[in-house]
Amino acid sequence: MELQHISEIERATQRGRGELLRLGMGLVFLVLVMLYAIMQGVGEGGMIVVAAAIIGGYMALNIGANDVANNVGPAVGSKALSMLWALVIAAVFEAAGALIAGGEVVSTISSGIVDPAALQDRQTFIWVMLAALLAGALWLNIATAIGAPVSTTHSIVGAVLGAGVAAAGFDVVDWSSLGNIVASWVISPVLGGIFAAAFLYLIKRSITYQPDMAEAARRAVPWIVAAMAWTFSTYLLLKGLNKVWAVSFGSAVFYGFILALAVLIVVRRRLSRSDRLIANTKDGVNSLFTLPLVFAAALLSFAHGSNDVANAVGPLAAIVDAVRHGGEVAEAAQIPLWVMVVGAIGISLGLALYGPKLIRTVGSEITELDQMRAFCIAMAATITVIVASQFGLPVSSTHIAVGGVFGVGFLREYLKSNYARRVAEIKAHHPEADQAEIDAFLIRFDAAAIEQKGEMLRDLKKRQKRKMDPAHFSKGERKRLRKVYRQELVKRSQIIRIAAAWVVTVPASALMAAMLFFMIRGMFVA
């Protein structure tokens, strides 16, 4: 056997060992969850609680593998964070958010998608929750395997919907809530993309389109970072710490504004120091956004842990509540501490074991990201949730983040046009004798500030009318200076794959949950 073939076999074997190691660690976690659930001693129905705990741990692993990638993916793709540090930061802050600010009560019927009055029979309710929990976890597992970031909340909602319909028919469904879910498929990515593209264009106009980018950065970056501090602190108060410290929207905005002023003063003083040198390049400007991106990844992970973890372990908490108290099914259930611990540790472990695949998808396999673009995506994620919550619009944090990635990618396609087509088409329509003058004009045009570009184009038009233009730019060619050259910087295959996964999440998890409900009921009835 040739040495090359032996090397290929060894590499394949190493990959297989890695997969087995990850699988083994996941199984060890589930066994520990099972043993801990057994020690809880819940009496009658104890085996149901043990089974639910194992499935809940499996669900938490899949949430960590899929959903958390949206919080740290852009930071990793932009090289602001290494994969290792991103995993550490996300795991710590996800767990902290779940345990510190995760709350004590969770809705037992996710998002009001199913009428609790239709599931008053305790046994049927438990079967519905078991089926929903397992179906949601299975769908997240499938989505992670194909590299598609999907919404955990939508997976749970779809699963509860399918199991509820299987148990009590279509009359149990709240169709208006389901309509909101469908609307979020469009609203979330569109708003995320618009906000991310708008922030990126603002940064380009105020910094990278200026002749002296370093000086422009000294002026603009303090305000940009202060805006981040304002939005993130408001977001954290409204969505991350709301179960620990409940504040109104106005109060959250005010407290965020005070913090933003302090951040503005600190950053401005730091950048004004003579020893704080900034290279007059895009890389030099990008370096200023590294630290804000680290904070963004941490805060987004904390807010995600405090909100989505509780939603994810909601069915498990509902089962434990139903088994312990019996009788009428409550619309909201207390979350035992051990259930939150299962969710927090499971998400952190799932992220460490299987998260890198989705982190790479979000961070580098849709479009190329640098620190400025990643910063804009993080800003879009927070401001979109804040705006949508105030207007009552249904949104998904996963869809917002991925929509933000697409938004900055499509803006890059739009902005890349100016130079590529300008050079290709103008040079193609002039004799060789004109090339030196054309090149000189383009060099001056590229170096000019954006306001100066407009002046140069207007002056070019006047010179052409007076026949004073040695480069002989025609009217059509001047228009082409503004035209868009379509250069694909966003992978269209990723758009189709991710969008398809979003659309089928609710029906796929619903169908699996319905089938699992009939299987579980058949096992217990028999």
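Helices are taken here as DSSP runs of at least four residues, numbered from the N terminus. The structure is a predicted model, and the features described below were computed from it.

A nonpolar patch lies on the surface and is formed by L99, I100, W230, V244, W245, F254, Y255, F257, I258, L261 and L337, with a combined accessible area of about 1,100 Å². Two helices, helix 4 (83-101) and helix 9 (249-272), each supply at least two residues of this patch. The largest share, 5 residues, comes from helix 9. F254, a member of the patch, is placed in helix 9. Its relative accessibility is 49%, and F254 therefore counts as partly exposed, since the exposed class begins over 50%.

Aromatic contacts were searched for over the whole structure, and 7 aromatic pairs were found. In one of these, F406 and F410 are stacked, with a centre-to-centre distance of 6.5 Å and an angle of 25° between the planes. The two residues are separated by about one helical turn because they stand 4 residues apart in helix 15 (residues 397-428). The partners fall into separate accessibility classes: F406 is buried, at 10% relative accessibility, whereas F410 is partly exposed, with a relative accessible area of 34%. The assignment of F406 follows from the limit for burial, which is under 20% relative accessible area.

The search for salt bridges over the whole structure returned 2. One joins R22 to E19, with the closest N and O atoms 2.4 Å apart. Both R22 and E19 lie in helix 1 (residues 3-40), where a spacing of 3 residues corresponds to about one turn of the helix. R22 has a relative accessible area of 24% and is partly exposed; E19, at 42% relative accessibility, also counts as partly exposed. A further salt bridge is formed by the side chains of R373 and D370, at an N to O distance of 3.6 Å. In this pair, R373 and D370 are both buried.

The analysis of internal space gave 1 cavity of 30 Å³ or more. The largest cavity holds about 30 Å³ of space, and its lining consists of L200, K204, K282, D370, M372 and R373. Helix 7 (175-208) and helix 14 (371-391) are the elements that give two or more residues to this lining. The lining thus includes D370 and R373, the residues whose side chains meet in the salt bridge of 3.6 Å.

Technical notes:
Residues are numbered from 1 along each chain as its sequence is written. This is a predicted model: local features need pLDDT of at least 70, side-chain atom pairs count only at pLDDT 80 or more; totals for chains, interfaces and linings use all residues. Side-chain values use heavy atoms; hydrogens and water are left out. Patches are made of residues with over 30% relative accessible area and no salt bridge: like charges are joined within 9 Å, nonpolar side chains (Val, Leu, Ile, Met, Phe, Trp, Tyr) within 5 Å. Accessible areas come from the Shrake-Rupley method with a 1.4 Å probe; for residues, only the protein chains shown count as cover. A salt bridge is a side-chain nitrogen of Lys or Arg within 4 Å of a carboxyl oxygen of Asp or Glu. Buried means under 20% relative accessible area, exposed over 50%, partly exposed in between (1.4 Å probe, protein chains only). Rings of Phe, Tyr and Trp (its six-membered ring) pair if their centres lie within 6.5 Å; planes under 30 degrees apart count as stacked, over 60 as edge-to-face and the rest as tilted. On a 1 Å grid over the protein atoms alone, a cavity is a set of points where a 1.4 Å probe fits but cannot get out, and a pocket is an open set with protein on both sides within 12 Å along at least five of seven lines; lining residues have an atom within 4 Å of a point. Grid points are joined across faces, edges and corners, and a volume is the space filled by probe spheres set on the points.
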